[in-house]
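Biologist: I have a structure to learn from today, and I would love to go through it with you. Could you show it to me, so that I can ask about it piece by piece?

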Amino acid sequence: MINRLLVANRGEIARRVFATCRALGVQTVAVHSDADADAPFVAEADYAVRLPGDTPAETYLRVELILDAARRCGADAVHPGYGFLAENAEFAAAVTDAGLTWVGPPAKVIATMGDKLAAKALLAEAGVPMLPSWTDTDAITDFPVLVKASAGGGGRGMRIVREADELAEAVASASREAAAAFGDGTVFIERYVERGRHVEVQIFGDTHGRVVALGDRECSIQRRHQKIVEEAPAVVPERVRTALHEAAVAAGRAVDYVGAGTVEFLLAPGGEFFFLEMNTRLQVEHPVTELCTGLDLVGWQLLVAQGEPLPASLPVSTGHAIEVRLCAEDAAAGWRPATGTLHRFAVPRVAAEFGGLAGPGLRLDSGVVAGSVVGVHYDSMLAKLTAWGRTRAEATRLLSTALARAELHGVTTNRDLLVRVLRSPAFAAVEIDTGFLDRHPEVFAPLLPADQLPLVALAAALAAATGRRAEAKVLAGLPSGWRNVPAVPQVTRFGGPNGEIEVRYRLDRTGGLAEWSTDPAATSPTAADRTASADRAAAEPTATGPAGIGPVAGRSVVALVEAAPGRVVLDVDGVRCAYRVHRVGSAVFVDGPDGAASLVELPRLPPPTAAVAAGSLLAPLPGAVTRVHVEVGQRVAAGDPLLTLEAMKLEHPVLAPTDGVVAELPVPAGGQVRTGAVLAVIDN
């Protein structure tokens, strides 16, 4: 019987395991790095132990520290979560050697499946279909191929190679990334299947020799070989589903599998499938299986770890569930990781957190809350949002609507891309495969159309004005900027997603919008420039409608219906549009019916800033320079790699923006940089 469980992990999966433990009356122990000291999972545990270390990214890999924490807290079992040490056979053996219950498959099974080359050979003998693979690059004559890490998973250490001259660098880069993520840089190479689909089967085994399949999942929509949209069940013919389940169970039986595991397959366009790998742990996407089966897979893990047999009868999968991974990253900027403080994190109509649903609805599994700080040390995933519906279309609608309406303030996320994927005709038609994002560049566009940005900026300006009037000590009831004799409009400047935007507006004596206009091309004018601009605005005629109606902006006639510091309602061509406005310092977050935007109100008199040399390449985020590919004085062409920046366990190449000569390289390999630091200077 497990009484006190230590979770050797962090974030969302730690909170997920704790939720089941609370339901079963099991006490919980969290371990944490200094960077995670204030994280939600630490606060929710019954006991928490700090893991000392100078490098937060490696703290959770220290086996001796985790075992010491278990001893100090009296834990009698360890759950590895996923990632970090979840598939580390030495860790599993150390836990059992210490007399603790290991919630997972035996160390021997982890070791066998962790060596993907050995696993392929073993399972091929069990009749599981395989792709050809190589370890000798000289033996490869046909392309494309896929370089893969032998240890670990999650898309790290994977590279598609289409030309022979790209192979050596791809192998080297994949090996470095795998070593950083898993401590093992071994890679191998497989034939790459174009337009293949990633499907997987959830298996479970007990200590009494039984292995069962609990359903399948579709995980084809991926970025950088990491899943971002998963669903259950996979949309495949029943004959294919049956064959997938049989192959997965055969794989589990071949290694005497115990606990939760996932057997992953590549499904070719013709229906043929091939083994990819077996993950000897609970998968990130397990909620879709839980919602379709009604099971608590973490609860099953604990029962099996205690030696109990699997139930004699298995549940029937019903309905359809879809999960998206909400990540702190800029999808349109090459998946660049994002950092910062989550000033607001609110998803509407969530019916359950970390658990089941009573009917159609939403489940949230989150590692963060409002106020959480997102750093560079760990994976970029913030949360998973999952919808269950009676049909795939119903689940898609529930999920896309809630995601679009979520208030995610302070950190750039991939939310807009996820919504566009879910709303795309190709997704609805199940025209999906692992190359989906490459063939659908339209999903990278922001939800908010560019022509709606002036209305968003106007809402932000009116909310700010209302807030200032509410705080005024005298004449607080007068509209902002009101004069008996109309003079010049008020001017508010914002930094926005497409540069600066200037809003000019004037309110009448009732607080209605008398006139307004925007200049999205405004560029940091001087005080004299702004005065001249205001004079011109006052002198020039303004196109207006009836009293209280704003000017015609394009084809839109706009009236102010309601304004408060947190909410502005505009009538646009007779249609009311509500904008939710949240201000944190100079940052303004606006959520409207068509999408969201993050703005920064600019000061009227900008302070002087340090000049940056022409041709400077600035660090887009904090990280470490792992490699420098050029030397000072070297001539480079646009697109040439200059250096490699590592953040959130992934490599990000820094490329030359133009032809020129490398003038400066101020950061050596191994150097740490902050956002905005100069990485290189290129002279034209």
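Biologist: Let's start with a proline: in which loop is Pro233 found?

Modeller: Keep in mind that this is a predicted model. The peptide bond from Ala232 to Pro233 is cis, with omega near -5°. As for its place, Pro233 sits in the loop between β12 (226-232) and α9 (238-254).

Biologist: Which residue does a cis peptide bond join to Pro144?

Modeller: Most peptide bonds are trans, so a cis one is worth a look. Pro144 lies in the loop between β6 (133-134) and β7 (145-149). The cis bond there has an omega of about 10°, and the residue it joins to Pro144 is Phe143.

Biologist: Now the backbone angles: what is the phi of Arg349, about?

Modeller: Most residues other than glycine have a negative phi. Arg349 is found in the loop between β19 (344-346) and β20 (350-353). Although Arg349 is not a glycine, its phi is positive, at about 60°.

Biologist: Is Arg349 buried or exposed?

Modeller: The label depends on the relative accessibility, and exposed means over 50%. Arg349 has 75%, so it counts as exposed.

Biologist: And how should I class Val430, as buried, partly exposed or exposed?

Modeller: Val430 is in the loop between α14 (425-428) and α15 (436-439). Its phi is positive too, about 55°, although Val430 is not a glycine. Buried is under 20% and exposed is over 50%. Val430 has a relative accessible area of 23%, so it is partly exposed.

Biologist: Let's turn to cysteines: how many disulfides does the count come to?

Modeller: A disulfide needs two cysteine sulfur atoms within 2.5 Å. The sulfur of Cys219 has its closest cysteine sulfur in Cys292, and because these are 12 Å apart, they are too far for a bond. Cys292 is likewise in no disulfide, its nearest cysteine sulfur being that of Cys219. The count comes to zero.

Biologist: Is Cys219 buried or exposed, then?

Modeller: Let's look at both cysteines of that pair. Cys292 has a relative accessible area of 2%, so it is buried. Cys219 has 0% relative accessibility, so it also counts as buried.

Biologist: Next, the helices: are α4 and α5 roughly parallel or roughly antiparallel?

Modeller: The axes of α4 (residues 63-73) and α5 (residues 89-97) come within 11 Å and cross at roughly 30°. Because angles under 35 degrees count as roughly parallel, α4 and α5 are roughly parallel.

Biologist: Which residues of α5 do Val63, Ile66 and Leu67 of α4 meet?

Modeller: Here we look at the contacts between the two helices, whose crossing is right-handed. On the α5 side, the residues met by Val63, Ile66 and Leu67 are Phe91, Ala94 and Val95.

Biologist: Now some strands: how many residues of β23 are buried?

Modeller: Strand β23 covers residues 381-389. It pairs in the antiparallel sense with β15 (residues 320-327) over eight bridges, and with β21 (residues 361-366) over six bridges. The strand is mostly covered, and its buried residues number nine of nine.

Biologist: Which residue of β23 is the bridge partner of Ser366?

Modeller: Strands of a sheet pair through backbone hydrogen bonds. In the pairing with β23, Cys327 stands opposite Met381. For Ser366, the bridge partner in β23 is Ala383.

Biologist: What is the order of the strands in the open sheet of four?

Modeller: Start from the edges, which are β38 (650-655) and β40 (672-673), each pairing on one side only. β35 (residues 623-628) and β37 (residues 641-647) pair in the antiparallel sense over four bridges, and in β37 the bridge partner of Arg627 is Thr644. With antiparallel pairing, the order is β38-β37-β35-β40.

Biologist: Which helix packs on that sheet?

Modeller: The helix touches β35, β37 and β38. Its direction makes about 135° with that of β38. The helix, residues 167-182, is α8.

Biologist: One last thing: what distance separates the C-alpha atoms of Ala514 and Ala559?

Modeller: Ala514 is in strand β27 (residues 513-519), and at 17% relative accessibility it counts as buried. Ala559 is 45 residues apart from Ala514 along the chain. Their C-alpha atoms are separated by 8.4 Å.

Notes:
Residues are numbered from 1 along each chain as its sequence is written. This is a predicted model: local features need pLDDT of at least 70, side-chain atom pairs count only at pLDDT 80 or more; totals for chains, interfaces and linings use all residues. Side-chain values use heavy atoms; hydrogens and water are left out. Buried means under 20% relative accessible area, exposed over 50%, partly exposed in between (1.4 Å probe, protein chains only). Two strands pair if DSSP finds at least two bridges between them. Contact means heavy atoms within 4.5 Å. Axes are lines fitted to C-alpha atoms, for helices over the stretch in contact, and angles run from 0 to 180 degrees between N-to-C directions. Angles under 35 degrees count as roughly parallel, over 145 as roughly antiparallel, 65 to 115 as roughly perpendicular and the rest as oblique. A crossing is left-handed if the near helix is turned anticlockwise from the far one by less than a right angle, and right-handed if clockwise.
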